[in-house]
Amino acid sequence: MNLSTVVRSERFVFEDLRTVFAKANEEKSGDRLAGLAAGSERERIAAKRVLADVSLAEIIDHPLIDPDHDDVSRLIVDSLDRQACPAIHGMTVGGFRDWLLDDGTTTADLNSARAAITPEIVAAVTKLMGNKDLVLAAHKIRTVTRCRNTMGERGVLGIRIQPNHPSDDLVGILLSAVDGLMYGCGDAMIGVNPASGSVEATVAILAGLARLIDAYAIPTQACCLAHITTQLQALDRGAPVDLLFQSIAGTEAANASFGVSLSLLREGRERVLEHHRGRDVAWAGDQVMYLETGQGSALSSGAHQGVDQLTLEARAYGLARTLDPFLVNSVVGFIGPEYLFDERQILRAGLEDHFMGKLLGLPMGCDVCYTNHTDADQNSADNLLLLLSAAGCNFFMGVPCADDVMLNYQSTSYHDALGVRRLFGLRPAPEFLDWLERLGIFRGGELSLSNAAELRKLMPKLESVLEGTH
């Protein structure tokens, strides 16, 4: 491999492939914090030029993290099918980019190549693509998944209701969830981040959400985002688990900092699948995992092993796809400005994450968000929301007034969901839309603004659900 080039009479020589990957990345405060970023724009251009000439086969043959010392690397190697699409391995990274963006490359072509590419290949080509490229390429790809309903079909945009409460008050959680349902949100799932994270709180939240779903026969799934071990303990106590949640990362050490291992993730998935088989629910499919990721997570735990944060994020997706998840969510701006400093970096990372996940076959959503000490605002969120909608993102978040009162960060609202669905001609999941129409919340595929009488008919059931919280 030739890892040197000349840019405007200045010669750049890169130590190894890992260095080329890091310095070819777009500006990220996390890479700079780790001491990995390019020292100048000229060096970044040089690294991109070198990376463009590296073959995909060379990336496969030179792992950035040794598989003998990292189980995610080992999983990536074991998951690779070199026979799936042998023609692409002779391509360079630059040639692969051209192939992805070629009008003649179809969705079927991209799907057939999926098993033959590694996360590092996906990360490499992402570094050579502009924002518009990331939108265009991702728009070709749809990843359809099924749990209680069907997510990811073309023309569908799902919304996860996030009715968090600072004290896990169940009445507050349920009322907030109902508010979202009345806007046509919640088809992706109703997912609560518990404030306490205890087994007792997890059981109560899951039981309360199940009562709400059962009372109205809502074709959606519930999730309580406690640690995976806490959720499994709740399952042992009889709590109904639709989706099993866990945050994951791109190295073995980073996952260990989350308190998880590959074996625990696999065991959890199998236990929830078995649990589903014993429940009287008309499941639409058997995808039972909800996973969250975010650029910078490995660096924040001191487990990045000298690899840039975009590449580590791609590796997290390599792990995710082996778990056949129902939803994957990049919480792109949540980790903080130490890793994504401002609107420009958050927007870029959101487009990168969505494209990389989709190319690896994942049902990607995005929490279009920022923390209050980041150089960003609600206009920043609107910009990314619109770009990801054009790119075909599977789902976004529905947070009351876009302001999470428990996690103290800014996201997207129920009203935002209405806006992007109308702007792009998108609808909720098909089973969920049928339900909205039957209850009079939607008419003709649109939110009904004159449905007060219909909504009053729904209140007695809500009262019975709330009575069950005491």
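How much area does the chain expose, and what share of it do carbon and sulfur atoms supply? About 17,200 Å², with 51% from carbon and sulfur; these areas come from the Shrake-Rupley method with a 1.4 Å probe, and for residues only the protein chains shown count as cover. A word on ground rules: this is a predicted model, where local features need pLDDT of at least 70 and side-chain atom pairs count only at pLDDT 80 or more, while totals for chains, interfaces and linings use all residues. Residues are numbered from 1 along each chain as its sequence is written, and side-chain values use heavy atoms, with hydrogens and water left out.

**Figure 1. The whole chain, before zooming in.** There are 21 helices and 17 strands here; both are DSSP runs numbered from the N terminus, helices being H or I over at least four residues and strands E over at least two. Along the principal axes, the C-alpha atoms fill a box of roughly 75 × 45 × 45 Å. The radius of gyration is 22 Å, which agrees with the value near 23 Å for a compact globule of 470 residues (taken over C-alpha atoms, the globule rule being 2.2 Å times the number of residues to the power 0.38). Of the 470 residues, 61% count as buried, where buried means under 20% relative accessible area, exposed means over 50%, and partly exposed is in between (1.4 Å probe, protein chains only). Among contacts (heavy atoms within 4.5 Å) between residues at least 6 apart in sequence, 78% join residues at least 24 apart.

**Figure 2. D31 in helix α2, with a partner from far along the sequence.** D31 sits in α2, residues 29–33, and counts as buried because its relative accessibility is 3%. Q309 is 278 residues away in sequence, yet the two C-alpha atoms are 6.6 Å apart. Leaving out residues up to four places away in sequence, D31 touches N25, E26, L36, A37, D308 and Q309. With N25 there is also a side-chain to side-chain polar contact of 2.7 Å. (For a polar contact, look for a pair of N or O atoms within 3.5 Å; within protein, one must be able to donate a hydrogen and the other to accept it, and residues adjacent in sequence count only if both atoms are side-chain atoms.)

**Figure 3. H304, in the loop between α15 and α16.** Helix α15 spans 297–300, and H304 lies in the loop between it and α16. Is H304 buried or exposed? Buried, because its relative accessibility is 17%. Beyond its neighbours within four places in sequence, H304 is in contact with A34, L36, A298, L299 and L312. L36 is also among the residues that D31 touches.

**Figure 4. Helix α8 under cover.** Residues 119–127 form α8, and nine of its nine residues are buried. Charged names are on that list too, including E120 and K127, next to residues such as I121 and V122.

**Figure 5. A349 in helix α17.** A349 belongs to α17, residues 343–359, and counts as buried because its relative accessibility is 0%. Apart from residues up to four places away in sequence, A349 touches K28, Q295, V332 and L340. L384 is 35 residues off in sequence and 9.8 Å away, C-alpha to C-alpha.

**Figure 6. Two threonines, T371 and T412.** T371 is in strand β12, residues 370–371, and is buried because its relative accessible area is 8%. The T371 side chain makes a 2.8 Å polar contact with the side chain of T374. Farther along the sequence than four places, T371 touches G333, F334, G336, P337 and Y409. T412 lies in the loop between β15 (409–410) and α19 (414–424); at a relative accessible area of 2%, T412 is buried as well. The T412 side chain reaches the backbone oxygen of M397 at 2.6 Å. Among the other residues T412 touches are V368, L385 and F396, and V399, 13 residues away in sequence, is 5.9 Å off by C-alpha.

**Figure 7. Two loop residues with positive phi.** Most residues other than glycine have a negative phi. D324 has a phi near 50° and lies in the loop between α16 (309–321) and β10 (327–330). C401, with phi near 60°, lies in the loop between β13 (395–398) and β14 (403–404). How exposed is D324? Partly, because its relative accessible area is 30%; C401 counts as exposed at 72% relative accessibility.
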